[in-house]
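Let's take a walk through this structure together. Have the sequence and the 3D view open, and follow along as we go from one spot to the next.

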Amino acid sequence: MAEISARKRIWGWYWFDWASQPYHTLLLTFIFGPYFASVAATHFMSTGLDELTADARAQSVWSWGLAIAGLIVGFGAPIMGALADTTGRVRPWVAGFGILCFAGAYSLWWTLPDGSNIWQMLFAFGVGFVGAEFALVFTNSQLPTLADKDEVGQISGSGFAFGYVGGLVALAIMLALFVEQPNGKTLVGLTPGFGILDAEAREGTRFVGPFVAVWFAIFMIPYALWVKDGPKTGAKHSFSGAMAILARSIKSLRHKRSLAAYLGSSMFYRDALNGLYGFGGVYAGLVLNWPIVLIGVFGIISGIAAALFSWLGGGVDSKRGPKPVIIGSIIVLMFVCLVVVNMTREAVFGIALAEGSNLPDIIFFGCGILIGGMGGTLQSASRSMMVRHADLGAPAESFGLYGLSGRATAFMAPTLIGLVTALTGSARLGVSPLIGLFAVGLILLVWVKPDGEH
């Protein structure tokens with residue numbers, strides 16, 4: 001069999017981002033998340049709650065679901081990484097968790113419009129989310145093997161950009177052919193699914209689950225063909241051995257001040273970013289009363305910005321390193337959170353608006369550009385910074401710790417949002433804790449060396 005070229009291997013690795021991004025773009029943020037919130041709110045209103053209280057309850061339920069899934073990923077990722085490093089095999093883990101991603105996504109077809117089965121569907125979403133996130137831990141661990149350190153930033157940025165384009169294409173297809181508007185037609189005036197799907201039963205919107213699942217299965221083929229594991233170590237999977245490796249890695253952090261500071265920093269700012277992704281579409285639906293189709297258009301604009309800025313940010317990363325890119329992205333995202341918290345349909349920063357004003361819509365579209373653009377750039381630069389700190393002899397273990405830092409406190413943003421939402425009775429004010437999480441992450445970056453521990 002002909003040897004796979006380095007360029008083809010890099011492109012195979014890019015295709016994972018293309019295949020998996022729709023789980024986050026379509027399900028977490030722009031279609032299923034807002035749809036789930038709307039049907040959950042409908043369900044809670046049917047129990048006698050008023051609309052404002054039902055909206056807050058729906059956001060709290062979504063937040064707790066994400067928190068539990070995040071905890072599973074956070075504490076499981078470093079163990080999985082250590083297990084993979086005992087044998088040097090990554091692909092079997094990607095395949096196994098890819099199956100979970102497929103199954104969880106496909107199951108969302110059965111999310112009924114009356115909200116009667118929201119708990120089962122929240123569980124299904126969590127299964128797929130855990131699968132997608134664990135698979136990402138293992139594919140991230142392959143990044144150091146693709147190129148030299150100086151090229152990693154550009155490769156990471158290009159991978160995220162390519163993935164965001166995939167999410168953008170998938171979102172455009174869903175809006176044009178499947179997701180129904182209040183008039184029963186799609187964004188381009190078609191009957192959902194060419195007349196096969198029932199608009200009244202919201203089947204066009206619910207089809208997002210099977211669509212994401214099949215998309216993932218098809219576009220993982222280049223990854224499966226071109227990205228191979230290195231030589232086997234000869235060792236067998238050992239849970240006790242993996243836990244010993246993990247314990248040694250955690251203990252070693254006390255001698256690696258920069259790595260410890262970076263993992264702590266990313267723990268907070270990545271949690272805040274995931275909070276923005278998880279609640280941006282929900283906020284638009286519950287606070288601004290946007291329909292799913294408008295939220296989808298918002299997602300397209302955000303996706304374009306994410307792809308463009310991830311690619312540009314990768315270039316800056318290669319020239320100046322990832323640290324200044326991370327700092328700039330965090331500052332912009334803090335500003336976005338401040339704007340969102342201080343905006344309603346009636347006022348912006350306390351300044352009353354004329355009745356029916358579309359200024360909040362315009363402002364939030366601008367926020368979407370910044371969330372997508374800076375969010376993509378932040379994720380790309382963060383992955384690049386981790387490569388500079390990773391143990392090249394045990395990359396899956398290192399990226400397992402990176403996964404832990406990104407998910408061990410993944411309950412924080414959803415939990416804080418849920419608590420503040422419940423205490424204030426406002427889905428808008430519930431987003432305010434994200435500002436503090438970004439700030440803590442920014443402060444901890446002071447102790448992070450731009451070139452890592454090496």
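Arg388 is buried, because its relative accessibility is 8%, under the 20% cut-off. This is a predicted model, so keep in mind that each value here is computed from it. The side chain of Arg388 meets that of Asp451 in a salt bridge, 2.9 Å from N to O. Arg388 belongs to helix H14, while Asp451 sits in the segment after H17, so the pair ties together parts that are 63 residues apart in sequence. Asp451 itself, at 46% relative accessibility, counts as partly exposed.

That bridge has company: the structure holds four salt bridges. Another one of them also starts from H14, where you'll find Asp361. Its partner is Arg345, and the two side chains meet at 2.8 Å, N to O. Here the link runs from helix H14 to the loop between H13 and strand E1 (347-348), with Asp361 and Arg345 16 residues apart. Asp361 has a relative accessibility of 16%, so Asp361 counts as buried. Arg345, at 22%, counts as partly exposed. If you leave out residues up to four places away in sequence, Asp361 touches Trp290 as well as Arg345.

A further salt bridge joins the side chains of Arg202 and Glu180, at 3.2 Å from N to O. Both residues lie in the loop between helix H6 (149-177) and helix H7 (203-206), so this pair ties together parts that are 22 residues apart in sequence. Which of the two counts as buried, and which as partly exposed? Glu180 is the buried one, at 6% relative accessibility, whereas Arg202 is partly exposed at 23%.

Now step back and look at the chain as a whole. You should be able to pick out 17 helices and two strands. The protein chain has 454 residues, and 59% of them count as buried. Of the contacts with a separation of 6 or more, 83% are between residues 24 or more positions apart. As for the outside, the accessible surface comes to about 17800 Å², and carbon and sulfur atoms account for 68% of that.

What does the inside look like? The largest nonpolar core has 133 residues, and Trp62, Phe125 and Phe364 are the ones with the most contacts inside it. Helix H11 gives the most to this core, with 14 residues. Try clicking on Trp62 and looking around. Not counting residues up to four places away in sequence, Trp62 touches Leu27, Leu28, Phe32, Gly33 and Phe36, along with Leu122, Phe125, Gly278, Phe279 and Val282.

For a closer look at one helix, go to H13, which covers residues 322-341. With 20 residues at 1.5 Å each, H13 should span 28 Å, and its end C-alpha atoms are 29 Å apart, which agrees. Several of its residues are buried, among them Val325, Ile326, Ser329, Ile330 and Leu333. Why do positions like these line up? An α-helix has 3.6 residues a turn, so residues three or four places apart point the same way. The buried residues of H13 pack against four other helices: H11 (257-286), H12 (292-320), H14 (359-389) and H17 (433-444).

Just past H14, in the loop that leads to helix H15 (395-407), is Ala390. How accessible is Ala390? Its relative accessibility is 0%, so Ala390 counts as buried. Ala390 also shows how the chain brings far-off positions together: Pro144 is 246 residues away in sequence, but the C-alpha atoms of the two are 8.2 Å apart in space.

Last stop: the surface. Phe102, Tyr106, Trp110, Val214, Ile218, Ile221 and Leu225 form a nonpolar patch there, and together they have about 640 Å² of accessible area. Which helices supply at least two residues each? They are H4 (91-107), H8 (208-219) and H9 (221-226). To see one member up close, find Ile218 in helix H8. At 44% relative accessibility, Ile218 counts as partly exposed, in contrast to Ala390 at 0%.

Definitions and conventions: Residues numbered from 1 in each chain as written. Predicted model: local features only at pLDDT ≥ 70, side-chain atom pairs only at ≥ 80, totals over all residues. Heavy atoms only, no water. Expected span 1.5 Å × (residues − 1). Buried < 20%, exposed > 50% of the residue type's maximum accessible area, 1.4 Å probe, protein only. Contact = heavy atoms within 4.5 Å. Patch = residues over 30% accessible without salt bridge, like charges linked within 9 Å, V, L, I, M, F, W, Y side chains within 5 Å. Areas by Shrake-Rupley, 256 points an atom, 1.4 Å probe, with all protein chains shown as cover. Core = buried A, V, L, I, M, F, W, Y, C linked by side-chain atoms within 4.5 Å.
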